[in-house]
Amino acid sequence: MYDVTVLPAAMKELRKLPPTLSASIADALKELEIYGAALQDPQVRYVGNGIREVRVTSLEGLGRAFYFFMQGRRIYVVHILHKKTAKTPLQDLELALQRMKNIKKDEYERLR
């Protein structure tokens, strides 16, 4: 089992999604908690800079949950979105990366 933490901002994004898409992402995050690093394409894709995405499809469209691994078996979900274009907007990738950097900085300062 992995310890999956969904940031409050990402949880807020999840709640804004259409119901079946939100449920699909919640189910995918449960799988992430069980299988972690063992999940591979097409369910999970590496998008760069330490960020991965869980990919889901529902009747209401495509969804993505961006996450990263921390030391041990910890996973942080930093951004969730309803994907409406073929390519994930750069601003969404940058937001996920910034949130990851903030968590790592806070963790570093906590351990000092």
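1. A good place to start in this predicted model is Val77, which, once its neighbours within four places in sequence are set aside, is in contact with Val4, Thr5, Val6, Leu7, Ala10, Leu29, Ala65, Phe66 and Tyr67. Val77 also appears among the residues that touch the most other members of the largest nonpolar core, a group that includes Ile25, Val54, Phe68, Val78 and Ile80 as well.

2. That core has 31 residues, and several parts of the chain contribute to it: α1 (8-16), α2 (19-35), β3 (51-58), β4 (61-70), β5 (74-83) and α3 (90-111) each supply at least two of its residues. Strand β5 gives the most, with six residues. As background for reading this point, nonpolar side chains in soluble globular proteins tend to be buried together.

3. Val6, one of the contacts of Val77, is found in strand β1, which covers residues 3-6. With a relative accessible area of 23%, Val6 counts as partly exposed, because the buried class is kept for values under 20%. Apart from its neighbours within four places in sequence, Val6 is in contact with Met11, Leu29 and Val77. When you trace the chain onward, note that Val6 and Pro18 are 12 residues apart in sequence, and that their C-alpha atoms are separated by 18 Å.

4. Is Glu53, found in strand β3, buried or exposed? Glu53 counts as buried, because its relative accessibility is 1% and the cut-off for that class is under 20%. Leaving out its neighbours within four places in sequence, the residues in contact with Glu53 are Gln43, Val44, Arg45, Val47, Arg64, Ala65, Phe66, Tyr67 and Thr88. Of these, Ala65, Phe66 and Tyr67 are also listed as contacts of Val77, so a student following the two residues in the structure will meet these three names twice.

5. Turning to the surface, which residues make the nonpolar patch of about 350 Å²? The patch is made by Met1, Ile34 and Tyr35. Tyr35 has its place in helix α2, and with a relative accessible area of 45% this residue is partly exposed. Helix α2 is also one of the elements that supply at least two residues to the core described above.

6. A last point concerns confidence in the prediction: the mean pLDDT of the protein chain is 95, and 100% of its residues reach 70 or more. Among the elements of the chain, α1 has the highest mean pLDDT, 98, and α3 has the lowest, 92. As a general caution, predicted coordinates should not be read in detail where pLDDT is low.

Terms used:
Residues numbered from 1 in each chain as written. Predicted model: local features only at pLDDT ≥ 70, side-chain atom pairs only at ≥ 80, totals over all residues. Heavy atoms only, no water. Core = buried A, V, L, I, M, F, W, Y, C linked by side-chain atoms within 4.5 Å. Buried < 20%, exposed > 50% of the residue type's maximum accessible area, 1.4 Å probe, protein only. Helix = DSSP H or I, 4+ residues; strand = E, 2+ residues; numbered from the N terminus. Contact = heavy atoms within 4.5 Å. pLDDT = per-residue confidence, 0-100. Patch = residues over 30% accessible without salt bridge, like charges linked within 9 Å, V, L, I, M, F, W, Y side chains within 5 Å. Areas by Shrake-Rupley, 256 points an atom, 1.4 Å probe, with all protein chains shown as cover. Salt bridge = Lys/Arg side-chain N within 4 Å of Asp/Glu carboxyl O.
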